[in-house]
Amino acid sequence: MTPGGTAGGALGPVFFLSDYGLTDEFVGVVHAVLAAGAPTVPVVDLSHQVPPFDVSAGARTLARCAPHLGPGVVLAVVDPGVGSARRALILEAVGPGPRFWVGPDNGLLVAGAEGRGALVGAWALGPDAAGGATTFDGRDRFAPAAAALATGSHPAELGRPVDVEGVVRLAPPVVELTGGPGDRTLRAEVLWVDRFGNVQLAVGPDDLSGIDGDGIDGRATDWARASGVAVRVETTLRSAVPAPAGPTHRARRVRSFAELEPGQLGLLTDANGRLALVESAAPAARRLGVAAGSVVRLGPAGPGS
Amino acid sequence: MTPGGTAGGALGPVFFLSDYGLTDEFVGVVHAVLAAGAPTVPVVDLSHQVPPFDVSAGARTLARCAPHLGPGVVLAVVDPGVGSARRALILEAVGPGPRFWVGPDNGLLVAGAEGRGALVGAWALGPDAAGGATTFDGRDRFAPAAAALATGSHPAELGRPVDVEGVVRLAPPVVELTGGPGDRTLRAEVLWVDRFGNVQLAVGPDDLSGIDGDGIDGRATDWARASGVAVRVETTLRSAVPAPAGPTHRARRVRSFAELEPGQLGLLTDANGRLALVESAAPAARRLGVAAGSVVRLGPAGPGS
Amino acid sequence: MTPGGTAGGALGPVFFLSDYGLTDEFVGVVHAVLAAGAPTVPVVDLSHQVPPFDVSAGARTLARCAPHLGPGVVLAVVDPGVGSARRALILEAVGPGPRFWVGPDNGLLVAGAEGRGALVGAWALGPDAAGGATTFDGRDRFAPAAAALATGSHPAELGRPVDVEGVVRLAPPVVELTGGPGDRTLRAEVLWVDRFGNVQLAVGPDDLSGIDGDGIDGRATDWARASGVAVRVETTLRSAVPAPAGPTHRARRVRSFAELEPGQLGLLTDANGRLALVESAAPAARRLGVAAGSVVRLGPAGPGS
């Protein structure tokens, strides 16, 4: 292995994400373990407030972070299966981002790692030195592995190689184009509601073209900008039976929050390249009554609606 | 530019404040951008829980921090106008504190920068490399600029000079001496309620002398220490019509929390040199029913009250 | 004094714990003071969300962290007596963990310091440079002392030696074996409820042997694994009169969360070596209705219960 050229001759920072929260000392203890094992390696905390046990939310957070991460090692722990037979993984990615991704084999890591490079290797960590079942693998297994990788160890020193194709992947979010010509709607899952109440959807601006067979951003029939987008909320979560149709909202297609008047709903391309339903300095999620996992339908708004 | 003498030949740490909260990955992604652009520069998080979009609260937090900041670069983002025509600023201050202050031109930066030095320059950042409207300038414009400054770039490499006198400033808080001789009261805005429920006012100990024309701290007619301070709460926020007079509380002028009995209200000079209404190990704000923006009236308490 | 061999020739990181919370800038300002006084020393935040003024919770958090801390300096501030005559301490410990522990003399530090080494010295800090009563000793007294220690100062340069035996210690938690042969129960205080709702008790696995005079972990009469543990909750806090007996729950003795079916209550040896009442991916504390300070009784569960 040839370490990267960053400070200290190491790979770069450890990027750390978890559902540990910030109330207890879990994050601090993992930092202490990293400081002991890799004292010159900085640690960048990505988020520790992933909802407890929510692997999907953690995976999406990592995927949103990935394009902005330079070389380094990712340490990610959202791990409802701790102590079970689920494997403890190291993934290796080739690209401009982090080379190693360490965490449980439950789907948490893959989207992030592939969002910034190509997966080229996977290893399963051996049991921790203490042996037996553990309850705090972040501290006892994952952090020591991340510290070792960040200071130049090779994954083969820490675990046994496993098939990259065999690592656990999460189901993709709901994205569905329904209806016929002239009556198409785009169903999209809510991926994330952020602190500001912005509602990120599982689709990007190009997906809108499917609704009317035409482009929407600066091209011919710019219907969405002209007459708006109709937004109907299916408040149910992914696995539940669809609820009766909720109210229909009308959103303006905008490029920034600043184009919106107070109280207006907007549809913009957000900082992750996804479509998001937003208001200016107000929480669109509250108005819409949605949370991560909700499904909304987008369609053309009639000129009179 | 001659970089300061701190570790790594850089200017010192990046001091980072925002309203991004700690639930999402916003803070972590900005850290990742800073780590990529300035890998040897430490980052000191001042606070990220400024209430969303509350520029005034952010500015006051920065001003409270300023006297304790050594050399470095401040990165501050509370930015309801992101994507609008508001300018993105670099301010330069001469003094013992941070040399550069980076953030939106909405009043967030000035009080802090002037609290620790003299403003000597201002630059407006150009649009980000990607061009067009953006929704996450903290990541895409401010953090890269802060990283560049922290590693030795000059503001002139990052933007065009603008008039220091033209940067946006916030209105000062309410401070008003009312009434005639023998009947003076001091109206003061609540600047901040902290985690412990302490109520910081927009006045300092010297302002009390205006009430009776005499000093209060260790000088002749030490009425406030002798008979206490009457505190009447106007619960309304700054811009609203004053509410009917609230109840009157009596506060003891004290030097530390430890002088107060349980349940007693005290008026002390707090760690920022402001007067604060406090209780010992209890939240005075709850008893008084105040929040930042409330206004209280202070006056002498009669000996029998 | 011979500094340790860690990066920068310093003692290792400053480990920082407080009840300052993460909403205000208290933690950030202390970091700024540390950055000014010890610019090359990393800071590891252990937790800042100790409940306000809860010295006991802070002490327990430090004690849980202690086994995982390498060389360095602990800075801990949970300090309801700030401004009173309580002393400001530096403790010195000999062992593999932090050498110096800085904070108020109210019981916060001792359990942690002794959990990782032997106490060999104590010093009382002098008043801060500004003199007089203070309200923010974390910023004005403790952080400067920690920064000085982390960069090579000796405690004798910062304060006067005091008797190690005279430092304040907290009362131990409730642990009591009651009843006679065949009817023994173990009363144990709840030390901590974590983010996931796990309920840590003040006893370890060896204490269970007192209930039936036999071992429980892999030895002869493995009753707890066979028939379960009866758990009765006394919901009252330590100092209160015991409430009428609460409902009795049955817990399975398990080695990991993964052995539990949804909805099952388990008793496992947690990551700190304590017994904890847990559920799999669910908050046991909510089901049991307990918080830190509650007392529970553990006893054998009859085969038919």
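Me: Two strands pair if DSSP finds at least two bridges between them; which residue is the bridge partner of C:Ala230 in β12(C)?

Reply: This is a predicted model, in which local features need pLDDT of at least 70 and side-chain atom pairs count only at pLDDT 80 or more, while totals for chains, interfaces and linings use all residues. Residues are numbered from 1 along each chain as its sequence is written, chains are lettered from A and ligands numbered from 1 in the order in which they are written, and side-chain values use heavy atoms, without hydrogens and water. Strand β12 (residues 248–253) of chain C runs antiparallel to β11(C), with four bridges between them, where helices (H or I, at least four residues) and strands (E, at least two) are DSSP runs numbered from the N terminus. Within that pairing, the residue that bridges to C:Ala230 is C:Arg250.

Me: Which residue in β15(C) stands opposite C:Glu234?

Reply: Strand β11 (residues 229–234) of chain C is mostly covered, since five of its six residues are buried (under 20% relative accessible area, with exposed over 50% and partly exposed in between, for a 1.4 Å probe and protein chains only). This strand also pairs with β15 (residues 295–300) of chain C, in the antiparallel sense and over six bridges. Across from C:Glu234 in β15(C) is C:Val295.

Me: B:Glu234 lies in strand β11 of chain B and B:Arg297 in strand β15 of chain B, so how many residues apart in sequence are the parts that the pair ties together?

Reply: The two side chains form a salt bridge, with their closest N and O atoms 2.8 Å apart (a side-chain nitrogen of Lys or Arg within 4 Å of a carboxyl oxygen of Asp or Glu). Because one partner belongs to β11 (residues 229–234) and the other to β15 (residues 295–300), the separation in sequence of the parts tied together is 63 residues.

Me: By about how much of a helix are B:Asp137 and B:Arg141 separated?

Reply: Their side chains meet in a salt bridge at 3.2 Å, N to O, and both residues are buried. Since they stand four residues apart in helix α4 (residues 137–150) of chain B, the distance between them along the helix is about one helical turn.

Me: How many chains does the pair A:Glu25 and C:Arg64 join?

Reply: A:Glu25 forms a salt bridge with C:Arg64, and the closest N and O atoms are 2.6 Å apart. A:Glu25 lies in the loop between β1 (14–18) and α1 (26–37) of chain A, whereas C:Arg64 belongs to helix α2 (residues 55–65) of chain C. A:Glu25 counts as buried at 4% relative accessibility, and C:Arg64 is buried as well, at 8%. Given those positions, the number of chains joined by the pair is two.

Me: Across the interface of chain B and chain A, how many salt bridges does the rule find?

Reply: The contact (heavy atoms within 4.5 Å) takes 29 residues from chain B and 30 residues from chain A. The side chains of B:Glu25 and A:Arg64 meet there in a salt bridge of 2.6 Å, N to O. For this interface, the number of salt bridges found is one.

Me: By a turn of how many degrees can chain C be laid on chain A?

Reply: The RMSD of this fit is 0.0 Å and the shift along the axis is 0.0 Å, with copies superposed by least squares on the C-alpha atoms of residues with pLDDT of at least 70 in both. Such a relation is that of a three-fold axis. The turn that lays chain C on chain A is 120°.

Conventions:
Two strands pair if DSSP finds at least two bridges between them.
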